[in-house]
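Let's take a friendly walk through this chain, one residue at a time and then as a whole. Have the sequence and the 3D view open as you read.

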Amino acid sequence: MKAQPGFVSLQMHKGTGASQLLMNVAVWESTEALAAAFGSAEFQRMAAEFPDDIVSYPHIFEQIDV
């Protein structure tokens with residue numbers, strides 16, 4: 001995905017202890033760039049190869065000031 005237009009950065013986080021959860025936080029220039037990357041043939045090919053026990057819950061967030 002790093003080679004896709006509009007990609008900015010990526011951070012992976014792993015749950016602590018015995019957790020098997022991973023969280024992928026990717027930053028994109030725009031929602032449209034992310035949608036184009038998800039729709040690319042390369043991403044579709046990679047997603048089709050994910051093991052059956054991999055569950056993904058994609059969400060789009062916007063940064064807010066705290």
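Leaving aside neighbours within four places in sequence, alanine 33 is in contact with Pro5, Gly6 and Trp28. Keep in mind from the start that you are looking at a predicted model. Alanine 33 is found in helix 1, and its glycine contact can be put in numbers: alanine 33 and glycine 6 are 27 residues apart in sequence, yet 5.2 Å apart in space, C-alpha to C-alpha. Is alanine 33 buried or exposed? Its relative accessibility is 13%, so alanine 33 counts as buried, since the cut-off is under 20%.

Glutamine 4 makes a good companion to that residue. You will find glutamine 4 in the segment before strand 1. Which residues does glutamine 4 contact once its neighbours within four places in sequence are left aside? They are Trp28, Ala37, Ser40 and Glu42. Trp28 is thus a contact of glutamine 4 and also a contact of alanine 33. Glutamine 4 has a relative accessibility of 16% and therefore counts as buried.

Now move into strand 1, where glutamine 11 is found. Not counting residues up to four places away in sequence, glutamine 11 touches Met23, Asn24 and Val25. With 47% relative accessibility, glutamine 11 counts as partly exposed. Glutamate 42, which is in contact with glutamine 4, lies 21 Å from glutamine 11, C-alpha to C-alpha, with their positions 31 residues apart in sequence.

Two further residues are worth a look. Alanine 41 is found in helix 2 and, at 65% relative accessibility, counts as exposed. Isoleucine 54 is found in the segment after helix 2, and its 48% relative accessibility makes it partly exposed.

Here are the C-alpha pairs side by side, with their separation along the chain and in space.

| Pair | Apart in sequence | C-alpha to C-alpha |
|---|---|---|
| Alanine 33 and glycine 6 | 27 residues | 5.2 Å |
| Alanine 41 and methionine 23 | 18 residues | 23 Å |
| Glutamine 11 and glutamate 42 | 31 residues | 21 Å |
| Isoleucine 54 and valine 66 | twelve residues | 33 Å |

Let's step back to the whole chain. How many helices and strands does the secondary structure come to? There are two helices and two strands, and they follow the pattern β-β-α-α when read along the sequence. The radius of gyration is 14 Å, well over the 11 Å that the globule rule gives for 66 residues, so the chain is more spread out than a compact globule. Along its principal axes, the C-alpha trace spans about 40 × 35 × 15 Å.

Burial and contacts add to the picture. Among the 66 residues, 14% count as buried; glutamine 4 is one of the buried residues, and alanine 33 is another. If you take the contacts with a separation of 6 or more, 26% of them are between residues 24 or more positions apart. The accessible surface comes to about 6,000 Å², and carbon and sulfur atoms account for 58% of that surface.

Finally, have a look for empty space. Rolling a probe the size of a water molecule over the atoms shows where such space is left. In this model, the largest pocket has a volume of about 1,400 Å³. Of the 34 residues that line this pocket, Asn24, Val25, Ser56, Tyr57 and Pro58 are the closest to its centre. Asn24 and Val25 are also residues that glutamine 11 touches.

Which element gives the largest share of the lining of the largest pocket? Strand 2 does, with seven residues. At least two lining residues come from each of strand 1 (7-14), strand 2 (22-28), helix 1 (31-39) and helix 2 (41-48). By class, the lining of the largest pocket has 24 nonpolar residues, seven polar ones and three charged ones.

Key: Residues numbered from 1 in each chain as written. Predicted model: local features only at pLDDT ≥ 70, side-chain atom pairs only at ≥ 80, totals over all residues. Heavy atoms only, no water. 1 Å grid on protein atoms, 1.4 Å probe; cavity = no way out; pocket = protein on both sides within 12 Å on 5 of 7 lines; lining within 4 Å. Points joined across faces, edges and corners; volume = space filled by probe spheres on them. Helix = DSSP H or I, 4+ residues; strand = E, 2+ residues; numbered from the N terminus. Nonpolar A, V, L, I, M, F, W, Y, C, P; charged D, E, K, R; others polar. Rg over C-alpha atoms; globule rule 2.2 N^0.38 Å. Buried < 20%, exposed > 50% of the residue type's maximum accessible area, 1.4 Å probe, protein only. Contact = heavy atoms within 4.5 Å. Areas by Shrake-Rupley, 256 points an atom, 1.4 Å probe, with all protein chains shown as cover.
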